[in-house]
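Okay, thanks for having me, everyone. I'd like to walk you through one protein today, so have a look at the screen.

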Amino acid sequence: MMNFIWVGLVAIAVIAGIFTGNITAVQEALFSFAGTAVDIVIGLVGVMVFFTGFMSVMEKAGLCEKLGKVIGPVMRLLFPDVPVDHPAMSSMALYFAANILGIGNAATPFGLKAMADLQTLNKTKHIATDAQCMLLAISTTSITLIPVTVLALRSAVQVEGAAEIVGPVILATTISTIVGIGATIILKRTKKYKLENIIEKERAAGTLEINEDYVGNDPIKL
């Protein structure tokens, strides 16, 4: 999907340049910003490598399990359907830690692992559980205390004032996370989005698929 979006944006820019007589400016901007993109990426490498390695060290040192215990009460409140000793808890803890540090690229593998772990608690193949929806809501709106990637980008293009966005970022992401969590809790209790109702609807339509990797004690029987 993103490929289509980017191709569409480029096509729109070229068409607009032709019709407005600014196609030369479009070409110059294309090559100019291609070079700028390379400079920014090179500037990001050091920061991203450091924090990606840092997160790997945390995982191998067993700090993710300790982090999971620290934020255990909050995790149990947000994910009541996930057993405390389930691997998903530590995976999500590490994922949230990376997001809080603002390391989006480093957080992605942990997010995929957390979602895969949660899928073992999913009775169906294609219907997201309440826990999976909550994980997506929090990851999308995640509180960010140190926006590492953004700071690196700003440092690459300006000399001073790169860190002046930290306060607004903390405020904005805190509000977005509260709204995301609240919306997820409200929606999962409505008739339309209640998991049991969706499963029954799929069962009645004959499209319900069972998850063979489910490890719980009450699997769905068709």
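Which residues have the most contacts inside the largest nonpolar core? Keep that one in mind while I do the housekeeping. This is a predicted model, so local features need pLDDT of at least 70 and side-chain atom pairs count only at pLDDT 80 or more, while totals for chains, interfaces and linings use all residues. Residues are numbered from 1 along each chain as its sequence is written, and side-chain values use heavy atoms, with hydrogens and water left out.

Right, the overall picture. The protein comes to 10 helices and zero strands. Helices here are DSSP runs of H or I with at least four residues, strands are runs of E with at least two, and both are numbered from the N terminus. Of the 222 residues, 31% count as buried. By buried I mean under 20% relative accessible area; exposed is over 50%, and partly exposed is in between, using a 1.4 Å probe and protein chains only.

Let's start at the beginning of the chain. Helix 1 covers residues 2-20, and its 19 residues reach 27 Å from first C-alpha to last, close to the expected 27 Å. That expected span is 1.5 Å times one less than the number of residues. Just after helix 1 comes Gly21, with a positive phi of about 75 degrees.

Now back to my question. The core has 20 residues, and the ones with the most contacts inside it are Phe79, Val82, Met92, Phe96, Leu118, Leu135 and Ile138. A nonpolar core, by the way, is a set of buried Ala, Val, Leu, Ile, Met, Phe, Trp, Tyr and Cys residues joined through side-chain atoms within 4.5 Å. Who supplies it? Helix 4, helix 5, helix 6 (104-119) and helix 7 (130-141) each give at least two residues. The largest share, seven residues, comes from helix 5. There's another core apart from this one, with five residues, among them Ile127, Leu195, Ile199 and Ile220.

So let's zoom in on helix 5. How many of its residues are buried? The count is 12 of 14, so we can call this helix mostly covered. The buried ones include Met92, Tyr95 and Phe96. Its end C-alpha atoms are 20 Å apart, which agrees with the 20 Å its 14 residues should span.

Next, the rings. A pair of aromatic rings is described by the distance of the centres and the angle of the planes. Rings of Phe, Tyr and Trp (its six-membered ring) pair if their centres lie within 6.5 Å; planes under 30 degrees apart count as stacked, over 60 as edge-to-face, and the rest as tilted. Searching the whole structure turns up two aromatic pairs. Phe79 and Phe96 have ring centres 6.3 Å apart and planes at 20 degrees, so that pair is stacked. The two sit in distant parts of the chain, 17 residues apart: Phe79 is in the loop between helix 4 (72-78) and helix 5 (87-100), and Phe96 is in helix 5. The other pair, Tyr95 and Phe96, is tilted, at 6.1 Å centre to centre and 35 degrees between the planes. Put together, the ring pairs link Phe79, Tyr95 and Phe96 into a cluster.

Ile138 touches both phenylalanines, Phe79 and Phe96, along with Leu78 and Ile181, not counting residues up to four places away in sequence. Touching, or contact, means heavy atoms within 4.5 Å.

Moving on to helix 9 (residues 166-188), where we find Thr173. Is Thr173 buried or exposed? Its relative accessible area is 14%, so Thr173 is buried. Its side chain reaches the backbone oxygen of Val169 at 2.7 Å. With the same not-counting rule, up to four places away, Thr173 touches Thr141, Ser142, Ile143 and Thr144.

Last stop: Lys123, in the loop between helix 6 and helix 7. At 26% relative accessibility, Lys123 is partly exposed. Lys123 and Asp213 are 90 residues apart in sequence, yet 8.4 Å apart in space, C-alpha to C-alpha. Right by Asp213 in the numbering there's Glu212, in the segment after helix 10 (195-205). Glu212 counts as exposed, at 59%, and its C-alpha is 8.3 Å from that of Thr124, 88 residues away along the chain.

That's my tour, so over to you for questions.

Notes: Polar contact = N/O pair within 3.5 Å; in protein donor to acceptor, adjacent residues only side chain to side chain.
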